[in-house]
Amino acid sequence: MTRDHDAREREDEPDKQSRPVATDGGAESDSAAGADDVALDPWGSSTVSDYRKLFEEFGIEEFDDVLPEVPNPHYLMRRGVIFGHRDYDPVAEALREGDDAAVLSGFMPTGDPHIGHKLVFDEIIWHQEQGADAYGLIADLEAHSARGMSWTEIDEHARDYLLSLLALGFDPEEGELYRQSDNRELQDLAFELGSKANFSEFQGIYGFDGETNVSHMQSVVTQMADILYPQLEEPKPTVIPVGPDQDPHVRFARDLAARMRFFKMTEAYASFELNDAERALVGTVYEARDAYADDPDTPRCEEAGAWLAGLDSLDELGVIVGDDVRESAIEKLENGGMEPLRPRVRFLNRNATAAAFEALIEAIDGEKRRYDEHVDAFDLDAGDAEALAREIELDHGGYGFVPPSSIYHRFMTGLTGGKMSSSIPASHISLLDDPEDGYQKVKSATTGGRDTAEEQRRLGGKADECPVYELYAYLLAGDDDEFAKEVYDECVGGERLCGGCKEQAAELMSAFLEDHQEKRAEAEEVLDDLDITLESSRRGVAPGDD
């Protein structure tokens with residue numbers, strides 16, 4: 001039931017963060033989202049109720065930390081709608097310095113594009129406006145294999161997604177639009193990436209099992225190729241704007257990008273290899289060499305091992321590692337004997353040809369030491385080593401991929417108070433809706449208001465729990481932060497009642513849809529002139545059909 005006055009329709013939402021114009025509702029992107037237990041499933045249908053757990057459990061970083069480094073940040077960034085990122089710093093730096101960068105995201109054509117998808121459209125377009133190479137793709141292979149969509153249905157929806165992207169401002173002359181099924185370069189890259197993946201990873205990451213059809217697994221590798229596709233001509237920082245449910249794809253793509261590299265660079269201290277935890281510990285021991293070395297300029301491995309073994313606790317070193325890490329580091333140091341403990345950059349031969357490995361060794365300036373499967377450089381810092389390795393790799397036919405970055409936006413709450421779903425028309429506003437239908441959907445939406453107008457004036461509304469306020473923050477206020485904040489402050493201060501607020505939002509939504517659909521009509525001719533297949537020649541039933 002909805003109320004046009006100060007109705008509070010929901011009481012089960014989690015605590016919200018303090019940013020005035022950020023909301024924390026949960027709703028699906030078309031391939032929906034993680035759950036209360038934060039199990040991120042790219043093909044699920046649940047919602048994220050506590051975004052903070054994503055920082056703790058999956059290593060997603062808070063976007064606020066990088067926001068000061070972003071030039072001319074989009075309002076979705078300023079308002080906390082874009083709440084997290086994975087390694088966005090190189091992209092922000094490239095945009096700031098005018099260097100090469102790219103943005104890519106895809107759309108699975110399983111229904112009409114709706115206002116939730118507009119978040120991703122806007123993120124692609126904003127990056128393009130900041131100078132990034134922009135890519136928008138139709139994930140038709142995924143729609144066919146994972147969702148069982150027919151090619152006729154896919155063709156119809158694909159056109160609608162592309163028209164809305166163009167209508168919102170994507171510049172096709174400065175960017176690229178493609179379909180997975182129609183891009184041979186993409187499929188060739190997917191084949192190469194598949195050689196670096198194994199079935200146990202599909203099981204662990206996606207829960208695939210013996211009942212999973214092979215084309216679904218192929219579609220995942222194709223998505224990995226999508227994420228790296230902007231770097232085919234040259235490696236560059238690349239950002240993938242997605243909902244947090246797509247984070248498994250991003251993490252897997254980052255792993256595969258690293259496995260495709262000719263060389264892996266690590267910090268080393270002796271001829272033996274250390275894992276990450278051991279390396280952090282041994283690095284700290286090296287910094288403390290004055291405490292144990294006969295000659296601090298040339299500390300010996302066995303000296304360092306004996307000193308480390310004699311410490312009562314590692315607290316004084318400020319390193320937190322398990323006893324197993326400490327014991328393995330001690331064993332490696334003691335086995336190193338009188339070998340000097342010296343920092344160096346190590347180039348591990350991962351996929352390099354013999355010619356590429358020899359070229360790398362020749363190109364390293366200063367002191368170096370060669371081994372069968374790696375070479376140590378003593379006069380290079382990590383940044384110079386990375387640049388040199390990539391240069392040699394590109395000269396010898398490799399890809400030189402930069403690890404892809406990602407940014408994550410909050411899901412929009414459905415207008416009916418649950419998730420926003422393409423399969424529940426009342427929960428979302430389609431970008432194809434008649435303006436009057438959009439008006440009526442907003443007027444019928446649930447709110448974060450109180451039970452009575454008197455309570456609303458006395459206690460204020462709950463804007464952080466209100467789907468209608470989300471419409472202002474995510475879309476209707478546009479770039480006007482002051483307007484978004486005014487709506488928020490008036491609501492929580494008791495000045496704004498839900499009836500008037502919804503009326504204003506409904507009118508703004510109607511105007512937006514009218515304008516958008518006029519621009520979609522103008523984009524028809526542009527789309528027809530683009531080099532993209534709008535009618536697939538593919539045949540066959542969806543996987544699992546008879």
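Within how many Å do the axes of α14 and α15 come, and at roughly what angle do they cross? They come within 10 Å and cross at roughly 140°.

## Ground rules and overall picture

Before going further, a word on what you're looking at: this is a predicted model, where local features need pLDDT of at least 70, side-chain atom pairs count only at pLDDT 80 or more, and totals for chains, interfaces and linings use all residues. Residues are numbered from 1 along each chain as its sequence is written, and side-chain values use heavy atoms, with hydrogens and water left out.

The protein chain has 20 helices and 11 strands. Here helices (H or I, at least four residues) and strands (E, at least two) are DSSP runs, numbered from the N terminus. Of its 546 residues, 55% are buried, where buried means under 20% relative accessible area, exposed means over 50%, and partly exposed is in between (1.4 Å probe, protein chains only). Take the contacts between residues at least 6 apart in sequence: 76% of them join residues at least 24 apart. A contact means heavy atoms within 4.5 Å.

## The four-stranded sheet

Strands β7, β8, β10 and β9, in that order, make an open sheet with antiparallel pairing. Two strands pair if DSSP finds at least two bridges between them. At the edges sit β7 (263-268) and β9 (368-370), each pairing on one side only. On average, and ignoring direction, neighbouring strands of this sheet are turned by 20° against each other. Axes are lines fitted to C-alpha atoms, for helices over the stretch in contact, and angles run from 0 to 180 degrees between N-to-C directions.

Zooming in on one edge, β9 pairs with β10 (residues 374-377) in the antiparallel sense, over three bridges. One residue to click on is R369, whose bridge partner in β10 is D376.

## Helices lying across the sheet

Back to the two helices from the opening. Helix α14 (residues 354-363) lies across β7, β8 (344-349), β9 and β10, at about 155° to β9. Helix α15 (residues 382-395) lies across β7 and β8, at about 160° to β7.

With that crossing of roughly 140°, α14 and α15 are therefore oblique to each other. For the labels, angles under 35 degrees count as roughly parallel, over 145 as roughly antiparallel, 65 to 115 as roughly perpendicular and the rest as oblique. The crossing is right-handed; a crossing is left-handed if the near helix is turned anticlockwise from the far one by less than a right angle, and right-handed if clockwise. A356, A359, L360 and A363 of α14 make the contact with L388, A389 and I392 of α15. Sorted by class, that gives seven nonpolar, no polar and no charged residues. Ala, Val, Leu, Ile, Met, Phe, Trp, Tyr, Cys and Pro count as nonpolar, Asp, Glu, Lys and Arg as charged, and the others, Gly among them, as polar.

## Helix α9 and two partners

Helix α9 (residues 214-228) and helix α5 (residues 140-147) have axes that come within 8 Å and cross at roughly 150°, and the two are therefore roughly antiparallel. The crossing is left-handed. On the α5 side, L141, E142, S145 and A146 make the contact, and on the α9 side S215, H216, S219, T222 and Q223. These residues divide into two nonpolar, six polar and one charged.

Helix α8 (residues 199-206) packs against α9 at an angle of about 85°, with the axes 12 Å apart, so α8 and α9 are roughly perpendicular to each other. F199, F202 and Y206 in α8 meet M217, V220, V221 and M224 in α9. What classes turn up in the contact of α8 with α9? Seven residues are nonpolar, none polar and none charged.

## Around helix α18

Helix α18 (residues 467-476) is mostly covered, with 10 of its 10 residues buried. The elements covering it include α2 (75-78), α4 (115-129), α16 (435-443), α19 (481-492) and α20 (498-529). Just after α18, G478 takes a positive phi of about 55°.

C466 is in the loop between α17 (453-459) and α18. Is C466 buried or exposed? It counts as buried because its relative accessibility is 8%. The C-alpha atoms of C466 and L415 are separated by 8.9 Å, although the residues are 51 apart along the chain.

## A parallel pair

Strand β3 (residues 102-107) is also mostly covered, with five of its six residues buried. Six bridges join β3 to β4 (residues 133-138), and the two run parallel. In this pair, V103 stands opposite A134 in β4.
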